[in-house]
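Me: Please take a close look at one part of this model for me. I would like to start from one pair of strands and work outwards from there.

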Amino acid sequence: MQIKKLFLQNFRNYEEETFTFSEGLNILFGKNAQGKTNCAEAVFYLCTGASLRIRHDKQLVRIGAEAAKITAEAQNRYGKVTIEAVIIENKRELKVNGSKIGKNADLLGHINSVFFSPGELRLIQDGPDERRRFMNISISQTSAAYYTALLRYNKILDQRNALLKNHDVSLILDTLPVWDEQLCRYAATIVKKRAEFLEKLAPYAEKMHAFLTDGAEELKVAPDKKYSGDESEISKTLQKRFENNYEKDLRLGFTTVGPHRDDIDFFINGIDAKAYASQGQTRTAALSVKLAEVEIFKDLSGEYPVLILDDVMSELDLPRRKKLVERISGLQTILTCTHAERALYGKDAKKIRIEKGKIRPEKA
Ligand SMILES: Nc1ncnc2c1ncn2[C@@H]1O[C@H](COP(=O)(O)OP(=O)(O)OP(=O)(O)O)[C@@H](O)[C@H]1O
Ligand SMILES: [Mg+2]
């Protein structure tokens with residue numbers, strides 16, 4: 001998949017600008033606070049309908065402007081795709097090839113992207129929320145069933161949590177089994193898809209980690225071991241687990257078990273990475289996981305996703321930077337940094353200098 005052109009109008013600090021990307025490495029460079037991440041964010045938004053940094057779309061609209069518009073002209077293996085988003089206040093309208101789409105699920109899969117940032121490289125150091133978010137975004141891009149199950153699960157979960165805060169215990173105990181039956185169905189889909197995803201991800205991540213560390217370290221990625229069997233067995237296991245936790249859930253006022261509490265385990269050279277690995281080690285392992293995600297997209301959709309690398313080079317030492325550049329060569333990449341070092345990125349990279357929300361000629 002490739003993005004040929006990106007048009008931004010009143011998006012973040014851009015008034016109006018058109019980017020033309022090459023098929024390989026595109027380097028957006030410039031001083032701090034000029035609009036590099038904003039451009040990367042626009043690409044990710046058109047791929048996933050999700051913003052990287054915010055909850056409210058309103059923040060994406062240039063301060064003082066009424067509406068933001070972003071358009072991408074892209075190519076996937078089925079042909080040309082144009083994706084357009086218009087954001088007014090917190091409302092947005094999305095169009096794919098000129099036709100309005102009703103729900104976000106219909107946007108997913110047209111252009112897949114994998115986003116790397118310093119935050120993403122904290123995947124292993126950070127809490128389980130971030131690891132679930134990683135799985136949710138990644139799996140949703142290639143599985144509409146997962147995305148839909150996740151939306152429904154979260155909706156019922158909110159209702160269940162609201163119910164648990166009620167003071168009428170007998171009402172709660174009468175109602176919970178009704179909620180839980182539905183909850184378990186969606187939960188089982190989520191659990192199963194995550195397990196399949198991690199099963200595919202693990203060998204790639206382990207190989208990438210060996211590559212990045214020149215074989216010095218061995219990474220192991222392990223899914224949550226609480227479940228086994230097919231979806232109906234998982235659903236039954238979950239049903240029992242929900243029942244066993246009624247008392248605890250009532251006491252605490254929220255749902256204490258389920259896929260919204262699951263996690264991924266990482267081991268480096270046999271040792272629990274979350275607890276014991278150094279920062280550099282966990283960042284490298286996270287990078288391995290992200291590079292593995294790229295391979296999974298390739299396997300599932302038949303083509304490589306667009307890579308968005310926001311400010312990640314500054315997080316890695318020189319040998320790892322070189323390895324990363326080597327690994328991504330040939331894949332369309334949009335990379336932001338403050339200095340487009342030729343020694344690192346090579347002469348073929350397309351350099352785009354950004355200053356105050358505008359593309360500027362590259363300085364000699
Ligand atoms: N809705 C908005 N309207 C106007 N300006 C905005 C809006 N949202 C963000 N900005 C501004 O855009 C500027 C550039 O932000 P961006 O995150 O893209 O910087 P950057 O080039 O990635 O810098 P850094 O190197 O520090 O990461 C910031 O100064 C920010 O205040
Ligand atoms: Mg930035």
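Reply: Start at a single bridge: isoleucine 354 is partnered by isoleucine 359 in S15. This is a predicted model. The bridge belongs to the pairing of strand S14 (residues 350–355) with S15. The two strands run antiparallel, and 3 bridges join them.

Now widen the view to the sheet. S14 and S15 sit at the end of the order S8-S12-S13-S3-S14-S15. That is an open sheet of 6 strands with mixed pairing. Its edges are strand S8 (113–116) and strand S15 (358–360). Each has a single partner strand, so one side of each has no neighbour in the sheet. From one strand to the next, the twist averages 25°.

Two helices lie across this sheet. Helix H8 (residues 279–301) crosses S8 and S12, and runs at about 175° to S8. H1 lies across strand S3 (25–29), S8, strand S12 (306–310), strand S13 (333–337) and S14. Its direction is at about 145° to S12.

Follow H1 and you reach another sheet. H1 also lies across S1, S2, S4 and strand S5 (79–88), at about 110° to S1. Those strands belong to an open sheet with the order S2-S1-S4-S5-S6-S7. This sheet has 6 strands, and its pairing is antiparallel. Strand S2 (14–20) and strand S7 (99–101) are the edge strands, each pairing on one side only. Neighbouring strands here are turned by 15° against each other on average, with direction ignored. Inside the sheet, strand S1 (residues 2–11) and strand S4 (residues 67–76) pair in the antiparallel sense over 7 bridges. One residue to look at is isoleucine 3, whose bridge partner in S4 is alanine 74.

H1 has a further role in the picture, at ligand 1. Helix H1 (residues 36–48) supplies the largest share of the shell around ligand 1, with 3 residues. In total, 17 residues surround ligand 1. The closest are Asn13, Asn32, Lys36, Thr37 and Asn38. By class, the shell has 3 nonpolar, 10 polar and 4 charged residues.

Next, place these parts in the chain. Domain 1 covers 1–112 + 305–364, and domain 2 covers 127–301. Their C-alpha centres lie 29 Å apart. The contact takes 14 residues from domain 1 and 16 residues from domain 2. On the domain 1 side, helix H9 (residues 318–328) gives the most, with 4 residues. That side has 7 nonpolar, 3 polar and 4 charged residues.

Finally, some helix packing elsewhere in the chain. Helix H2 (residues 128–142) packs with helix H3 (residues 144–164) at an angle of about 130°, with the axes 6 Å apart. That makes H2 oblique to H3. Asn136, Ile139 and Ser140 of H2 make the contact with Tyr146, Tyr147 and Leu150 of H3. These residues divide into 4 nonpolar, 2 polar and no charged.

H2 also packs with helix H4 (residues 169–212), at about 90° and with the axes 11 Å apart. H2 is therefore roughly perpendicular to H4. Here Met135, Ser138 and Ile139 of H2 meet Lys193, Arg194 and Phe197 of H4. The classes are 3 nonpolar, 1 polar and 2 charged residues. Ile139 thus appears in the contact with H3 and in the contact with H4.

Notes:
Residues numbered from 1 in each chain as written. Chains lettered and ligands numbered in written order. Predicted model: local features only at pLDDT ≥ 70, side-chain atom pairs only at ≥ 80, totals over all residues. Axes fitted to C-alpha atoms, helices over the stretch in contact; angles between N-to-C directions. Parallel < 35°, antiparallel > 145°, perpendicular 65-115°, else oblique. Contact = placed C-beta atoms within 7 Å. Nonpolar A, V, L, I, M, F, W, Y, C, P; charged D, E, K, R; others polar. Near = placed C-beta within 6 Å. Domains from an automatic or database assignment. Pairing = 2+ DSSP bridges.
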